[in-house]
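Trainee: Got a minute to walk me through this one?
Mentor: Sure, pull it up.
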Amino acid sequence: MKSWPKIDGALADYVDANWLRESPLKRRLREETAKLPQAGMQISAHQGQQIAWLARAIGARRAVEVGTFTGYSSLSIAEALPADGKLWCCDVSEQWTGIARRYWKEAGVESRIELTIAPALKTLDGLVAQDLAGRLDLAFIDANKDGYDAYYERCLKLVRPGGIVLIDNVLWGGSVANLADKDADTEGPEGSWVKRMSEALTPPPATRAPPLRGIREGEKKIIVTLTHVAEDRMLDLVARLDA
Ligand SMILES: C[S@@+](CC[C@H](N)C(=O)[O-])C[C@H]1O[C@@H](n2cnc3c(N)ncnc32)[C@H](O)[C@@H]1O
């Protein structure tokens, strides 16, 4: 028996009309981003809303984002932080994050955000070196896929027990269920990142409440994997809690 609902146009429209709350500023950011050829990299408005909701639910004060692009997810996170909260953003593009900076400023959250233009791994290692391990509340990973497992390990270090690590695209358009699929992202020199991530996130079978890879006994971090289903209309959240 399948547990997936059929998400047709009417249901999607209903969810948008009744559940989605998007500020005019964020809508403008989506419209501006839509003009770029890379617009598909942007998270959906639903994801932004869910991420913000999760950040608020745990009272997040410090967060890190890996992959900022034009700023939709960073804006969603920064707006959910308190005025003295802090979001560290990692990206390699001055051009795309230039758009993000404009919107952060207009939203009045620029003082909460520190953007570093450099390979994310270097920036994350810099945060660990600044003694921030175990002191962040939330991490969001949404950048180059061949870096995902290293980002995941670093974010596990940085996020405190009880904090949240969010990972986008882990189903990769269904490739996770078809690991014979060999597109450039799913099959790299070290093997498929999708496979590596699914191994990292999936507890071995027949074990009671097994810890996720990289989480030590008693640390209890929440891993949330995000994906779009039904043409980007609905957010699927799978939360796992190390017990
Ligand atoms: C999918 S987009 C991020 C979308 C963004 N979260 C949003 O809400 O619109 C991926 C971003 O990762 C960045 N990126 C690619 N390789 C990177 C690396 N090695 N280190 C840091 N950022 C990288 C790209 O420049 C791009 O902006």
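Mentor: We'll take the overall makeup, then the ligand shell, then a helix pair.

Mentor: Heads up, this is a predicted model, where local features need pLDDT of at least 70, side-chain atom pairs count only at pLDDT 80 or more, and totals for chains, interfaces and linings use all residues. Residues are numbered from 1 along each chain as its sequence is written.

Trainee: How many helices and strands in the chain?
Mentor: There are 8 helices and 7 strands, taken as DSSP runs numbered from the N terminus (helices H or I, at least four residues; strands E, at least two).

Trainee: And what share of the residues is buried?
Mentor: Of 243 residues, 37% are buried, meaning 20 or more other C-beta atoms, placed from the backbone, lie within 10 Å of the residue's own.

Trainee: Switching to the ligand, which residues come nearest?
Mentor: G67, F69, S73, A120 and A143, out of 20 around the ligand; being near takes a C-beta atom, placed from the backbone, within 6 Å.

Trainee: Which elements supply at least two shell residues each?
Mentor: Both α4 (72-80) and β2 (86-91) do.

Trainee: Now the helices: how do α2 and α5 cross?
Mentor: The axes of α2 (residues 24-34) and α5 (residues 94-107) come within 11 Å and cross at roughly 165°. That makes the two roughly antiparallel, a label for angles over 145 degrees.

Trainee: Which residues meet there?
Mentor: From α2 you have L25, L29 and E32, and they meet I99, Y103, E106 and A107 of α5; contact means C-beta atoms, placed from the backbone, within 7 Å.

Notes:
A residue is buried if 20 or more other C-beta atoms lie within 10 Å of its own, exposed if 12 or fewer, and partly exposed in between; C-beta atoms are placed from the backbone. Axes are lines fitted to C-alpha atoms, for helices over the stretch in contact, and angles run from 0 to 180 degrees between N-to-C directions. Angles under 35 degrees count as roughly parallel, over 145 as roughly antiparallel, 65 to 115 as roughly perpendicular and the rest as oblique. Two residues are in contact if their C-beta atoms, placed from the backbone, lie within 7 Å.
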